Amino acid sequence: MAEPTIDAGMGAGAGPVALRTSPVAHLQERMRAATVTGARGVALTEWSFVSMVNVRVDPASEGADRIQKTLGTPLPRQCGHTTAFGPHTVVWLGPDEWLVLSQAEEASVAAELREALGADPGSVVDVSANRTTLELSGPAARQLLEKGCPLDLHPRAFGPGRAVSTTVGPVAVLLWQVDDTPTYRLLPRSSFADYLTRWLIDAMNEYRGPEVP
C-alpha cells in the first residue's frame, strides 16, 4: 500500500477535513531526530488519516461475496492473514470481522461497502478516527519490537502480510508486517498513540551505539 497523500490541495477554509490534526503531529520532529542509520538502523514515522472501515458479515453470505467483489480481493479467512488489491488492504480481526485499510477517501469506501452489504445482516462502520498508523522500519525494527511485544516475530512465525492484535509495551495495537526490510505498521487507538510513540522513540536510542556482545 503506497503512502497516501492527505488533504492535498486543500487551503484555509476548506472545511473540517483541512483542519484535522493527527494524534502525534506534535512529535513529528522528535521522530525524525530519533532516526538511526546503518546496520542497526531504525526509523519511525506516522501515516496520518489512513481510511479504516470495520466490516462485520457472515463470510458465507451473499453480502460477503458482494463486498469481496467491491474490494477486488477475498476477505481473509485465517487469524493473522491479510489480502490486498489496489488501494485496499483487508486485515482479519475475527471469524466474521475485518478491518479495511485504504488510500481511498473513507466516506466513499464506507459508502461502497454499505451498498455492497445491502440488506444482509452485518455492519460497515467508518472507524478512521479510532486509530492512527505508526510505521517502524529498518534492520533493527524487529529487535526493537521484541523488547516489548509478546509475539514471536521471527520470520519463521511472522512475516510480510501478517497482521495480529497484540501489545507493544503496555499499549494494545494491531501489528502488521508490510515487508521483509522489515517494515511494521502499528495501529494503536488514537488516545494511546502519544504514549506508544514516546515509548518507541525511547527504545530507539540504544541503537545509536554499537551492539554490546
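**Arg198 and the cores of a predicted model**

Trainee: Is Arg198 buried, partly exposed or exposed?
Mentor: Good place to begin, and keep in mind that this model is predicted. Buried means under 20% relative accessible area and exposed means over 50%. Arg198 has 35% relative accessibility, so the residue counts as partly exposed.

Trainee: In which helix is Arg198 found?
Mentor: The chain has five helices and 10 strands. Of these elements, the one that holds Arg198 is helix α5.

Trainee: Leaving aside neighbours within four places in sequence, which residues is Arg198 in contact with?
Mentor: Start with Leu27, which lies 171 residues from Arg198 along the chain. The C-alpha atoms of these two residues are nevertheless separated by 8.3 Å. Once neighbours within four places in sequence are set aside, the contacts of Arg198 are His26, Leu27 and Arg30.

Trainee: What share of contacts between residues at least 6 apart in sequence joins residues at least 24 apart?
Mentor: Leu186 gives a feel for such contacts: beyond its neighbours within four places, its partners include Thr132, Leu145 and Leu200. For the chain, counting contacts between residues at least 6 apart in sequence, the share joining residues at least 24 apart is 61%.

Trainee: Which element gives the most residues to the largest nonpolar core?
Mentor: That core has 30 residues, and Leu136, Leu145, Leu175, Leu186 and Leu200 have the most contacts inside it. Several elements each supply at least two of its residues, including β7 (133-137), β9 (171-179) and α5 (193-204). With six residues, the element giving the most is α5.

Trainee: How many residues are in the second core?
Mentor: This core is separate, and Val53, Val55, Ala64 and Val124 are among its members. Its residue count is 17.

Trainee: What is the radius of gyration of the chain?
Mentor: The C-alpha trace spans about 60 × 50 × 25 Å along its principal axes. A compact globule with 213 residues would have a radius of gyration near 17 Å. The value for the chain agrees with this, at 18 Å.

Trainee: What percentage of the exposed area do carbon and sulfur atoms supply?
Mentor: Buried residues make up 44% of the 213 residues. The chain exposes about 10400 Å², and the part supplied by carbon and sulfur atoms is 53%.

Trainee: How far apart do the centres of the positive and negative side chains lie?
Mentor: The two sets hold 18 positive and 24 negative side chains. Take the centre of each set, and the distance between the two centres is 5 Å.

Technical notes: Residues numbered from 1 in each chain as written. Predicted model: local features only at pLDDT ≥ 70, side-chain atom pairs only at ≥ 80, totals over all residues. Heavy atoms only, no water. Helix = DSSP H or I, 4+ residues; strand = E, 2+ residues; numbered from the N terminus. Rg over C-alpha atoms; globule rule 2.2 N^0.38 Å. Buried < 20%, exposed > 50% of the residue type's maximum accessible area, 1.4 Å probe, protein only. Contact = heavy atoms within 4.5 Å. Areas by Shrake-Rupley, 256 points an atom, 1.4 Å probe, with all protein chains shown as cover. Lys, Arg positive; Asp, Glu negative; His and termini not counted. Charge placed at Lys NZ, Arg CZ, Asp CG, Glu CD. Core = buried A, V, L, I, M, F, W, Y, C linked by side-chain atoms within 4.5 Å.
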